[in-house]
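Trainee: Please pick one part of this and take me through it closely, with the terms explained as you go. I'm happy to follow you to the neighbouring parts afterwards.

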Amino acid sequence: MQDIGIRIDEDTVRQLNVFLADPGNEAISDLRRVVAKYGSVSEINEKAREAGKVENLVKKLERMNSPYVKDLEWLTEVCNGGKLISLSDYRARVNPGRPSWDYDHSRAATLEISALQYFPWLVAEVRQSVEKGEVLPGRFIRVRKMKEQEADGGDLPAVRAAVKILGASCVETLDTKGVDGSNIHLNGPETITGYFGGIGQPNGHPLRWVEEALYYYVNYGVDEVLNINSGTVFLGYLLYRMGVNIRFKISVFMGNDNPYAVLWILLAARMFAREDGSTPLVGFNLSNSIDDAHLAKSAEIRKALGLDDQVRIEHHITETWKSIVRQPYNRRDGLVELVKTVPNISAKHEGGNPEDEQTLAHPSDILDYFREKKEIESSGEMDALTRNYLLKHKAVNDTAATLTKAGLSFVAAGAHRL
């Protein structure tokens, strides 16, 4: 094919490096000033390592007399006592005709659930898994306000400790985003058209987002956060390049719905990778509107850039019944075909199965994520929201069973991988 001149010449790269390294570059120096508030890079990472240890999270809970300490002790007993079903036993029950070793682990889909708003929901989910021999997600997404969960009897450190005990990963959604009143297009559901351009991180918010990320990193060991805006994605790359070990996943709300959007973001991931080739982008949630064929094309771009092992493609299998997609929405059948050729993919469950959701008086609703706990409790709807979450857990297990029956593997919480 004729060279159409799209390669970046070396002189342009040199000029870009000069710009980035320029002490007078206000955009970069502002980032450095925010980071410096928390100490040197090595000090920041060490504080986060200590804060994120399970024993230190539990001590924090003990100091505040949190009721969640006993729950964490129980979770530890569950995991250490082998009370969760093993992967081999699960396979033998679901797909008895296939030997446990005859599964391809290289393209195992990570089971993912969203949103884990409250620690008691996780306890209820584990109890149900023990009782019914179900698997737990390997990845949890949280969207609850950070300040609210921090103040709620230790909800934040309790969840942090629990997912580590369970051997899962967890992503937090920071409070610094356009729904805090900064985006003039957003004023609740009546101005939902503001979402067409994304939730937003207007004006000085990207630097505030970095500062909030650093606060929860050094105080609770929160080392993976949600990213919804191109500006904060860029700052996330730079923060990691500077040496701070905060990683992020890109939200579905960013609206990346085609391979060219994926190419742009992954090119930046490669350009700003560390010397060892690592990138902070660990999860990439594509838009619900991308079809399976173009998701596969996006995966080919990821492979060509050498990011297969680092950047997980997070794919919605179910969605909340209300306020986000046309229903019924269920991508499980397509997932089975994708997993056969696409490695490192998540099966994300944001809602219950459509056939379950449509029977509920209070089906799952994305707008419930933005409600305060006290308002939910005063409305008497906490039990309904808990049921919504456990139906998402049911959908996770239906996906696990479907993959298993097809002879395909999945990644659940670490305790299941025996």
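Mentor: Let's start with Arg160, which counts as buried because its relative accessibility is 3%. "Buried" here means under 20% relative accessible area, "exposed" means over 50%, and "partly exposed" is anything in between (1.4 Å probe, protein chains only). Keep in mind that this is a predicted model, where local features need pLDDT of at least 70 and side-chain atom pairs count only at pLDDT 80 or more, while totals for chains, interfaces and linings use all residues. Residues are numbered from 1 along each chain as its sequence is written, and side-chain values use heavy atoms, with hydrogens and water left out.

So who does Arg160 pair up with? Its salt-bridge partner is Asp223, and the closest N and O atoms of the two are 3.4 Å apart. Asp223 sits in the loop between α10 (205-220) and β4, while Arg160 belongs to helix α9 (residues 155-166), so their bridge ties together parts 63 residues apart in sequence. A salt bridge means a side-chain nitrogen of Lys or Arg within 4 Å of a carboxyl oxygen of Asp or Glu. Helices (H or I, at least four residues) and strands (E, at least two) are DSSP runs, numbered from the N terminus. The two partners differ in exposure: Asp223 has a relative accessible area of 34%, so Asp223 is partly exposed, whereas Arg160 is buried at 3%. Elsewhere, salt bridges with shared partners join Arg142, Arg144, Glu148, Asp152, Asp155, Glu172 and Lys373 into one network.

In total, the structure holds 35 salt bridges, and Arg139 takes part in two that are good to look at together. One is with Glu112, where the closest N and O atoms are 3.5 Å apart. Glu112 is in strand β1 (residues 104-114) and Arg139 in strand β2 (residues 139-141), so this pair ties together parts 27 residues apart in sequence. The other is with Glu224, at 2.5 Å between the closest N and O atoms. That pair links distant parts of the chain, 85 residues apart, with Glu224 in strand β4 (residues 224-227) and Arg139 in strand β2. How exposed are these three? Glu112 has a relative accessible area of 0%, so Glu112 is buried. Arg139 counts as buried at 1%, and Glu224 is buried as well, with 10%.

Now over to α10, the helix before the loop of Asp223. α10 packs with helix α11 (residues 230-241) at an angle of about 45 degrees, their axes 9 Å apart. That angle makes α10 oblique to α11. The axes are lines fitted to C-alpha atoms, for helices over the stretch in contact, and angles run from 0 to 180 degrees between N-to-C directions. Under 35 degrees counts as roughly parallel, over 145 as roughly antiparallel, 65 to 115 as roughly perpendicular, and the rest as oblique. Pro206, Leu207, Trp209 and Val210 of α10 make the contact with Thr232, Leu235, Gly236 and Leu239 of α11, where contact means heavy atoms within 4.5 Å.

Leu239 turns up again next to Val35, which belongs to helix α2 (residues 26-36). Leaving aside neighbours within four places in sequence, Val35 is in contact with Leu239, and also with Ile44, Leu214, Met242 and Val244. Val35 is buried, its relative accessible area being 3%.

Let's finish with a serine in a loop. Ser364 lies between α15 (354-357) and α16 (373-379), and at 2% relative accessibility Ser364 counts as buried. Its side chain makes a polar contact with the side chain of Glu357, at 2.8 Å. A polar contact is a pair of N or O atoms within 3.5 Å; within protein, one must be able to donate a hydrogen and the other to accept it, and residues adjacent in sequence count only if both atoms are side-chain atoms. A polar atom of the Ser364 side chain also lies 3.0 Å from the backbone nitrogen of Trp321. Beyond its neighbours within four places in sequence, Ser364 has contacts that include Glu319, Thr320, Lys322, Gly351, Asn388 and Lys392.
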